[in-house]
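Student: I am new to this structure. Please take me through one part closely, then show me what else is worth a look.

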Amino acid sequence: MLFSLEEVIETISAVGVETFDIRTVSCGINILSCTDSDVNKCAEKVYEKVVRVARDLVPTARILEKKYGIPIVNKRISVTPVSMLANAFTEPTAVPIAVALDNAAKELGIDYIAGFGALVQKGFTRGDQILINSIPDALCSTDRVCSSVNIGSSQSGINMDGVYRMAEIVKEAAERSRDKNGLACAKLVVFCNAVEDNPFIAGSFLGAGEAEAILNVGISGPGVVRAALERAHNLSFGELSELIKKVSFKITRTGELIGREASRMMGIPFGIIDLSLAPTPAEGDSISDILELMGLERTGCHGTTAALAMLNDAVKKGGIMAATYAGGLSGAFIPVTEDAGMCRAIVDGALNIQKLEAMTCVCSVGLDMVAIPGDTSVDVIAGIIADEAAIGMINHKTTACRLIPVPGMKAGDVVDFGGLLGKGPVMEVGRHSPAVFVRRGGRIPAPVHSMKN
Amino acid sequence: MNNNKEQVVITVLGANKPGILAGITRTIADSNVNVEDVSQKIMQDLFALMMMTDFSSANCSFEDFQSRMQAMGDQLQVKVFIQHEDVFRYQHRL
């Protein structure tokens with residue numbers, strides 16, 4: 001027999017018991033061909049192209065789920081940053097493009113579509129300004145559109161005008177979606193070193209260096225890693241790392257299979273596999289649970305950064321060998337409201353925003369799905385974004401902020417965003433003001449790339 | 001390997017009782033799916049059966065076959081999994 005019964009049962013129980021799935025098959029679509037000075041005409045072209053290129057995405061994923069017995073949880077779409085199209089608009093709004101993307105997603109049965117964004121790490125074009133000014137309106141007048149703006153990079157430094165403007169946008173988006181606890185902010189990411197091939201929402205977009213259309217795959221699997229660790233006791237660090245590498249290899253290989261098959265069936269090139277462990281609010285599908293199984297009393301206690309660094313590195317080492325092309329963000333996600341274990345650690349007083357920031361130095365992707373008090377000032381939000389961007393800039397890694405200043409809520413309150421976005425406690429932020437610093441204007445210069453201490 | 005083959009792994013898990021193998025193989029035969037290898041174990045009281053089959057000569061679609069087998073599984077009160085062999089090959093073989 002080609003496989004042993006034990007091997008077959010291992011694969012089956014990974015899905016049935018340990019919540020293994022393919023988190024996303026994402027189709028990136030270049031929409032630069034849709035350019036038009038009339039925003040409404042451009043929107044029509046965008047709708048037509050997205051629907052045409054991605055028509056088979058959901059049906060293909062359904063066939064593959066059945067064929068291999070592995071759930072593909074999300075089918076998603078990303079497009080070229082819309083700011084590039086907005087440069088041509090006579091009228092200074094990009095909202096009709098967001099509406100077109102939303103309609104296309106609904107037509108195709110896609111839950112989120114991303115790329116309503118801009119890259120402003122060095123400065124703003126007219127299109128960038130149009131796009132950024134449109135974000136609150138776009139996120140509040142659509143259901144499925146996600147937005148991201150890149151405000152810094154290791155090569156360019158940090159555009160602090162961009163940081164401050166995005167802090168204002170975060171605040172405005174929260175206020176505009178007050179009736180939904182600031183939900184619009186859950187669809188808005190502020191990046192440093194954004195990647196061009198990230199398949200994960202909300203920060204996904206198709207980079208300018210990418211092909212006409214591309215398929216990228218995001219694996220998941222915290223539950224599978226957790227189950228493996230539950231069965232293993234008294235392992236040294238080397239043995240622990242080996243175990244995680246093996247699990248990561250297997251889940252990535254499955255992603256590779258799905259990516260290749262989807263690519264063949266749709267006639268769209270296979271881009272990359274993103275080797276990220278992505279938690280969900282489901283019990284057991286938690287990065288925090290893995291860290292605690294590694295021996296931490298609660299995530300956030302001293303030792304957490306080291307444990308996360310080791311986990312993240314082992315996942316990559318195992319996954320890289322399994323993937324023809326690894327890419328995207330590739331690291332352990334530590335969102336707060338999307339991970340029940342992280343929420344428990346905050347409620348227990350073990351994890352605060354400062355420790356969370358430290359953890360983002362060693363994993364992807366940043367302060368993700370962090371609910372903060374609704375009265376947090378624009379200055380403080382800008383300070384949080386700037387800190388996170390600085391970590392990314394200096395360490396040559398992607399960092400991001402998806403902050404939700406929940407209107408009317410204070411630290412310790414519990415906010416529920418529903419579904420995959422989860423629910424969790426509002427986190428306390430620092431009380432002192434960085435106002436003079438964050439309002440200086442201009443850019444933080446690009447860092448020196450040698451003398452790395 | 002014969003490239004025309006379409007190898008599908010059938011796994012059956014459930015509480016052991018008479019008639020499971022008979023019921024499962026009857027449905028497979030009725031669908032004209034060819035069994036190439038069988039491995040069966042009783043683990044404690046759990047009935048575990050795995051079959052490597054060739055689906056290329058089947059008289060129904062893959063989806064219909066899954067439904068037929070699912071119905072038989074429900075009747076026998078066992079869990080039936082029908083998966084293309086590639087998923088196991090990718091995970092367990094280099």
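Tutor: Here is a walk that begins with one strand and moves outward.

The model is predicted. Start with strand E12 of chain A, residues 399–406. This strand is mostly covered, with eight of its eight residues buried. Look at which way the side chains point. A:Thr399, A:Cys401, A:Leu403 and A:Pro405 point one way from E12(A). A:Ala400, A:Arg402, A:Ile404 and A:Val406 point the other way. Both sets are buried.

Now look at the strands that pair with E12(A). Strand E11 of chain A, residues 366–373, runs parallel to E12(A). Seven bridges join E11(A) to E12(A). To find this pairing, look for A:Val370, which stands opposite A:Leu403 in E12(A). Strand E7 of chain A, residues 188–192, pairs with E12(A) in the antiparallel sense. That pairing has three bridges. Its marker is A:Cys192, opposite A:Thr399 in E12(A).

Step back along the chain to A:His396. This residue is in the loop between helix H14 (378–395) and E12 of chain A. Its phi is near 55 degrees, a positive value in a residue other than glycine. Most residues other than glycine have a negative phi. A:His396 is partly exposed, because 13 other C-beta atoms lie within 10 Å.

Next, follow the chain out of E7(A). A:Ala202 is in the loop between E7 and strand E8 (213–219) of chain A. The peptide bond from A:Ile201 to A:Ala202 is cis, with omega near 15 degrees. Most peptide bonds are trans.

Another loop residue is A:Pro81. Find A:Pro81 between strand E2 (72–79) and helix H4 (83–86) of chain A. A:Pro81 counts as buried because it has 30 C-beta neighbours inside 10 Å. Leaving out residues up to four places away in sequence, A:Pro81 touches A:Gly115, A:Gly117, A:Ala118, A:Leu119 and A:Phe205. Measure along the chain, and A:Val195 is 114 residues from A:Pro81. In space, their C-alpha atoms are separated by 12 Å.

Now the helices of chain A. Take helix H6, residues 126–140, and helix H7, residues 160–176. Their axes come within 9 Å and cross at roughly 20 degrees. That angle is under 35 degrees, so H6(A) is roughly parallel to H7(A). The crossing of H6(A) and H7(A) is right-handed. H6(A) brings A:Ile132, A:Ile135, A:Pro136, A:Leu139 and A:Cys140 to the contact. H7(A) brings A:Arg165, A:Ile169, A:Glu172, A:Ala173 and A:Arg176. By class, the residues of this contact are seven nonpolar, no polar and three charged.

A second pair makes another angle. Helix H3 of chain A, residues 57–68, packs on H9(A) at about 135 degrees, with the axes 10 Å apart. H3(A) and H9(A) are therefore oblique to each other. Their crossing is right-handed. From H3(A), A:Thr60, A:Ala61, A:Leu64 and A:Tyr68 take part. They meet A:Leu257, A:Ile258, A:Glu261, A:Ala262, A:Met265 and A:Met266 in H9(A). The residues of that contact divide into eight nonpolar, one polar and one charged.

H9(A) also helps to cover helix H8 of chain A. H8(A) spans residues 222–231 and is mostly covered, with eight of its ten residues buried. Among the buried ones are A:Pro222, A:Val224, A:Arg226 and A:Leu229. The cover includes helix H1 (5–16), helix H9 (237–266) and helix H10 (287–293) of chain A.

Finish with chain B. Here 21 residues of chain B are in contact with 19 residues of chain A. Elements giving two or more residues to the chain B side include strand E1 (7–15), helix H2 (62–76) and helix H3 (86–92) of chain B. H3(B) gives the largest share, six residues. By class, that side of chain B has nine nonpolar, seven polar and five charged residues.

Two residues of chain B deserve a stop. B:Met52 lies in strand E3 of chain B. B:Met52 is buried, because 20 other C-beta atoms lie within 10 Å. B:Met52 and B:Asp37 are 15 residues apart in sequence, yet their C-alpha atoms are 5.1 Å apart in space. B:Gln77 is in the loop between H2 and E4 of chain B. B:Gln77 is exposed, because 10 other C-beta atoms lie within 10 Å. B:Gln77 has a positive phi of about 55 degrees, although it is not a glycine.

Notes:
Residues are numbered from 1 along each chain as its sequence is written. Chains are lettered from A and ligands numbered from 1 in the order in which they are written. This is a predicted model: local features need pLDDT of at least 70, side-chain atom pairs count only at pLDDT 80 or more; totals for chains, interfaces and linings use all residues. Two residues are in contact if their C-beta atoms, placed from the backbone, lie within 7 Å. Helices (H or I, at least four residues) and strands (E, at least two) are DSSP runs, numbered from the N terminus. Ala, Val, Leu, Ile, Met, Phe, Trp, Tyr, Cys and Pro count as nonpolar, Asp, Glu, Lys and Arg as charged, and the others, Gly among them, as polar. Axes are lines fitted to C-alpha atoms, for helices over the stretch in contact, and angles run from 0 to 180 degrees between N-to-C directions. Angles under 35 degrees count as roughly parallel, over 145 as roughly antiparallel, 65 to 115 as roughly perpendicular and the rest as oblique. A crossing is left-handed if the near helix is turned anticlockwise from the far one by less than a right angle, and right-handed if clockwise. A residue is buried if 20 or more other C-beta atoms lie within 10 Å of its own, exposed if 12 or fewer, and partly exposed in between; C-beta atoms are placed from the backbone. Two strands pair if DSSP finds at least two bridges between them.
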